[in-house]
Amino acid sequence: MADILYTYKNQVYANITNKCDCSCTFCIRSLKDSVGDAQTLWHQKDPSLSQIKAAMDSFDFTGYDELVFCGYGEPTCALDILLESAKYAKEKYGVKIRLNTNGLGNLYHKRNIVPELASVIDSVSISLNAPTSEKYDAVTRPQFENAFEGLLEFASLSQTAFAHTQLSIVDVLPEDEIAQCRRIADERGIYLKIRKYA
């Protein structure tokens with residue numbers, strides 16, 4: 001069975017689904033089967049809510065004040081499981097909840113899911129990946145038309161709903177594209193995190 005909870009760089013992560021509505025050219029899933037202390041993050045079948053709760057109950061949260069929903073899939077593709085397991089972790093273990101997402105959840109579910117997420121999640125990190133729609137589509141290969149615009153709308157909705165919202169990019173982008181991404185974030189009053197590609 002794949003790891004549901006795993007640790008990486010002194011943080012604990014929840015790997016609740018392998019479903020994803022993108023096929024990013026740089027996805028770490030195409031390079032290796034796990035990160036951090038996980039043996040594998042590939043589920044033969046996505047875990048049930050009871051399995052996720054059991055994994056949480058057997059994990060020692062001492063020293064961790066945040067649980068990050070981020071694994072080998074897009075957490076919002078398993079929205080009901082995400083909401084229920086986040087609520088469980090928050091209420092039982094007192095941890096803050098962060099969602100790492102591609103920001104396409106509204107397109108996937110064909111409705112605004114931000115209010116539902118905000119009921120149990122404290123902060124959200126949205127992968128911007130590129131400064132234009134054309135470059136975004138080329139890099140992330142999403143299942144949707146107008147995915148870039150959908151992401152930006154999700155980010156704007158998130159900015160007013162969560163305690164902290166950030167857009168993220170990877171430092172392999174050219175300097176001019178990083179500057180463009182910074183402008184996109186600044187125009188929306190959203191923090192931009194530049195991550196190291198590892």
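Throughout this tour, buried means under 20% relative accessible area, exposed means over 50%, and partly exposed lies in between, with a 1.4 Å probe and protein chains only. What you have open is a predicted model, where local features need pLDDT of at least 70, side-chain atom pairs count only at pLDDT 80 or more, and totals for chains, interfaces and linings use all residues. Residues are numbered from 1 along each chain as its sequence is written, and side-chain values use heavy atoms, with hydrogens and water left out.

**Stop 1: the sheet**

Switch to a cartoon view and select the strands. Helices (H or I, at least four residues) and strands (E, at least two) are DSSP runs, numbered from the N terminus. Two strands pair if DSSP finds at least two bridges between them. As background, strands of a sheet pair through backbone hydrogen bonds, either parallel or antiparallel.

Here 7 strands form an open sheet with mixed pairing, in the order S1-S2-S3-S4-S5-S6-S7. Its edge strands are S1 and S7, each of which pairs on one side only. From one strand to the next, the twist averages 30°. Such angles run from 0 to 180 degrees between N-to-C directions, and the axes are lines fitted to C-alpha atoms, for helices over the stretch in contact.

**Stop 2: from S1 to S3**

Select residues 5-8 and 11-14. These are strands S1 and S2, paired in the antiparallel sense over 4 bridges. Tyr-8 has Gln-11 in S2 as its bridge partner. The hairpin of S1 and S2 has 2 residues between the strands, and in it Lys-9 takes a positive phi near 50°.

Now add residues 66-69, strand S3, which pairs with S2 in the parallel sense over 3 bridges. Look for Tyr-13, whose bridge partner in S3 is Val-68.

**Stop 3: S6 and its neighbours**

How many of the 7 residues of S6 are buried? In this strand, residues 164-170, the count is 6, so S6 is largely enclosed by the rest of the structure. Strand S5 (residues 123-127) pairs with S6 in the parallel sense over 5 bridges, and Ile-126 stands opposite Leu-167 in S6. S6 also pairs with S7 (residues 191-195), in the parallel sense over 5 bridges. To see this pairing, pick Gln-166, opposite Tyr-191 in S7, and then Ile-169, with its bridge partner Ile-194 in S7.

Helix H7 (residues 175-187) packs on the sheet and touches S6 and S7, its direction making about 150° with that of S7.

**Stop 4: Arg-188**

Step on to Arg-188, in the loop between H7 and S7. This residue is partly exposed, with a relative accessible area of 28%. Contact means heavy atoms within 4.5 Å. Leaving aside neighbours within four places in sequence, Arg-188 is in contact with Leu-152, Ser-156 and Gln-159. Draw a C-alpha to C-alpha distance to Ala-155 as well: Arg-188 and Ala-155 are 8.4 Å apart in space and 33 residues apart in sequence.

**Stop 5: H5 against H6**

Select helix H5 (residues 133-140) and helix H6 (residues 147-161), which pack at an angle of about 100° with their axes 8 Å apart. H5 is therefore roughly perpendicular to H6, a label for angles of 65 to 115 degrees (under 35 is roughly parallel, over 145 roughly antiparallel, and the rest oblique). Show side chains for Ser-133, Tyr-136 and Asp-137 of H5, and for Ala-147, Phe-148, Glu-149 and Leu-151 of H6, which make the contact.

**Stop 6: Asn-129 and Thr-140**

Asn-129, in the loop between S5 and H5, is buried, with a relative accessible area of 10%. Its contacts beyond four places in sequence include Phe-26, Tyr-136, Thr-140 and Ser-168.

Follow that contact to Thr-140 in helix H5, which is buried with a relative accessible area of 1%. Thr-140 touches Cys-22, Ser-23, Cys-24 and Asn-129, not counting residues up to four places away in sequence. The C-alpha atoms of Thr-140 and Asp-21 are separated by 9.4 Å, with these positions 119 residues apart along the chain.

**Stop 7: the core**

A nonpolar core is a set of buried Ala, Val, Leu, Ile, Met, Phe, Trp, Tyr and Cys residues joined through side-chain atoms within 4.5 Å. The largest has 51 residues, and those with the most contacts inside it include Leu-5, Met-56 and Leu-167. Centre on Met-56: among the residues touching it, beyond four places in sequence, are Leu-5, Phe-61, Leu-67 and Tyr-93. Apart from this core lies another of 7 residues, among them Tyr-13, Val-35, Leu-41 and Tyr-72.
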